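Student: Pick one spot and give me a close look at it, then carry on to whatever else deserves attention. I'd like the cut-offs along the way, please.

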Amino acid sequence: MITWMQKHKKYLVVTIWVSTIAFVGAGFVGWGAYDMNTNRATSIAKVGHRNISIQEFQNKYSEFYSYYNQLFDGKMSEEKAKELGLENLAIEALVQENLLLNFADDLSLGVNDDDVVKYIVADTTFHVDGKFDKNLYNETLKRARISPADYENGLKKSILLDKLRHAINLPTNQNDTNLMAASFLMQDRVSIQIVQALEDEIKVDENELKSLWETNKNSYKTLTEFKIKTKFIEPVNIDVNETELIEFYTENKNSYKDPWDKILDFNDTKEEVLLDYKQKKTKDVALKEYLKIKKGELKLEDGSSVALENDTSLPVDELKNAKAGEVLKPVEHEDGYLIVQLEETIPSQVMTFEQAREQVLELYKTEKEQNIVEQKAKKLLETGFEGKDIGFISRDVVSAIDGLSDTEFSVFVSKVFDSNNKKDYVMLNNKAVVYEILEQKLLDGEKENEYKDVITQNISYLKNNELIQDLTNALQKRYKVEHYYKR
């Protein structure tokens, strides 16, 4: 059993561990109005006989929030989350999971305490020197602000879902492999002609430019500005005796590990421990100053500055939610800490045409250039073209040719094999590649053996993904779904 769980560990950790830790980062999330019937006060929905708790919703929402925050390079906001409809995405994901959990219950699949214990004990996240460490387990969950009971209950659901997937897994057969191999290992000999726009072909029409701004003006806004006062707390310069340092290291030793997740010896990481210790002492000083300022016992120096919402050195998210006059908790800044007081927020507003002109012009030229290139490509297909024979291409070949970078060539190859047309064109930003397939053939058996595992994995993923989706659609008719909220 433990071998099976470790093999499928990736499915389990993602649903529980990531969402749990992400919950701490995203914080409490508010959503629409709720039915406050006492029987429903702790749930947002019921699927079959299973309730979806508010806590589960918070965790799932935060999992999505964390994922999209990474996609947007840390610039995710609540406004963007609403625009993307993250609340609905989180709810629908939970509904689908609970449809499958109901089905697993009906199949008499189950997860007992031994399953959970075996998984936790085998999870290297909680290992010290290669062995499970209960203190590390409790400490890790404590830092993530989740109780062992809540974590283990969530883990039971994830293990049960994975058991269901394992139970209904569709195996691959030879026909599947042959079809996928034929698609994946096909070679095409192609002739191509690269098309680009000449600089003098791109004419700027001011009326068209203004019209483009009118259509997209809500996308061109000034940055939110914050009028602030600040106080910088210099890093403390203190003498630290080794006893204090060892005590600090002992309390925080799980933060000092080598690339193999083994805790470093004090002497091997002494300099890093010293820096962290001094940073902690600087933070203590900063917090004392912060409390004095907040109580009115100390005032920030006269003189204000204006910060923009894209200033990554400041706590911009906190400033957005702060009120005029509010003093924010100290944040790390350069080598010390910074205390910030908000005086005034100047909201973002739509730019005038003159303010936005350069940005709009860039979009205008890009669209003009792409339109010119596409028209040229279409004309070549209609009138005929004399392309350059570049020989055989296949999905696994990555090589640059004159006029195309490695990345552009890879995109081109992918588009060719995704198309059913013998002659066509592929748009690549500011250029197009017009092509004609001259000949086709399959790669040899050696190549098929080389990619056997990849092909099998792809087949399994596609078949079972489709199976789960079809099953979920069918289960929607089998189990009643009740929503206790207003979207």
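Tutor: Asn173 is partly exposed, at 38% relative accessible area (buried is under 20%, exposed over 50%, partly exposed in between, with a 1.4 Å probe and protein chains only). Keep in mind that this is a predicted model, where local features need pLDDT of at least 70 and side-chain atom pairs count only at pLDDT 80 or more, while totals for chains, interfaces and linings use all residues. Residues are numbered from 1 along each chain as its sequence is written, and side-chain values use heavy atoms, with hydrogens and water left out.

Asn173 sits in the loop between helix H8 (148-167) and helix H9 (174-184); helices (H or I, at least four residues) and strands (E, at least two) are DSSP runs, numbered from the N terminus. What makes a good next click is the partner in space: the C-alpha atoms of Asn173 and Ser460 are 9.9 Å apart, with the two positions 287 residues apart in sequence. There's another pair like that. Ile202 and Thr366 are 164 residues apart in sequence and 9.3 Å apart from C-alpha to C-alpha. Ile202 is found in the loop between E5 and helix H10 (206-216), and its 21% relative accessibility puts it among the partly exposed residues.

Staying with loops, check two backbone angles. Ser108 isn't a glycine, yet its phi is positive, at about 65 degrees. Ser108 is in the loop between helix H5 (86-106) and helix H6 (113-122), and with 65% relative accessibility it counts as exposed. Asp129 also has a positive phi, near 55 degrees, in a residue other than glycine. Look for Asp129 in the loop between strand E3 (127-128) and strand E4 (131-132); it counts as exposed too, at 55% relative accessibility.

Now the charges. Side chains of opposite charge can pair when their charged atoms come close. The cut-off here is a side-chain nitrogen of Lys or Arg within 4 Å of a carboxyl oxygen of Asp or Glu, and by this rule the count comes to 21 salt bridges. One of them joins Asp389 to Arg189, with the closest N and O atoms 2.4 Å apart. Asp389 belongs to strand E10 (residues 388-393) and Arg189 to strand E5 (residues 186-196), so this pair ties together parts that are 200 residues apart in sequence. Both ends are partly exposed: Asp389 at 39% relative accessibility, Arg189 at 23%.

Lys217 and Glu214 make another bridge, at 3.4 Å from N to O. Lys217 is partly exposed at 29%, and Glu214 is partly exposed at 44%.

Then there's Lys320 with Glu309, a salt bridge at 3.4 Å, N to O. Lys320 is in helix H13 and Glu309 in the loop between strand E7 (305-308) and H13, 11 residues apart. Lys320 comes out partly exposed at 37%, as does Glu309 at 24%. Elsewhere, Lys60, Glu63 and Glu97 are joined into one network by salt bridges that share partners.

Hang on to Lys320 and Glu309, as they lead to the second largest pocket. Its lining has 26 residues, and those nearest its centre are Lys75, Ser77, Leu223, Glu309 and Lys320. H4 and helix H13 (316-321) are the elements that give two or more residues to that lining. The volume of this pocket is about 990 Å³. On the cut-offs: on a 1 Å grid over the protein atoms alone, a pocket is an open set of points where a 1.4 Å probe fits, with protein on both sides within 12 Å along at least five of seven lines, and lining residues have an atom within 4 Å of a point. The volume is the space filled by probe spheres set on the points, which are joined across faces, edges and corners. By class, the lining has 7 nonpolar, 10 polar and 9 charged residues, where Ala, Val, Leu, Ile, Met, Phe, Trp, Tyr, Cys and Pro count as nonpolar, Asp, Glu, Lys and Arg as charged, and the others, Gly among them, as polar.

One last loop residue: Phe72, between helix H3 (54-71) and helix H4 (78-84), counts as partly exposed at 30% relative accessibility.
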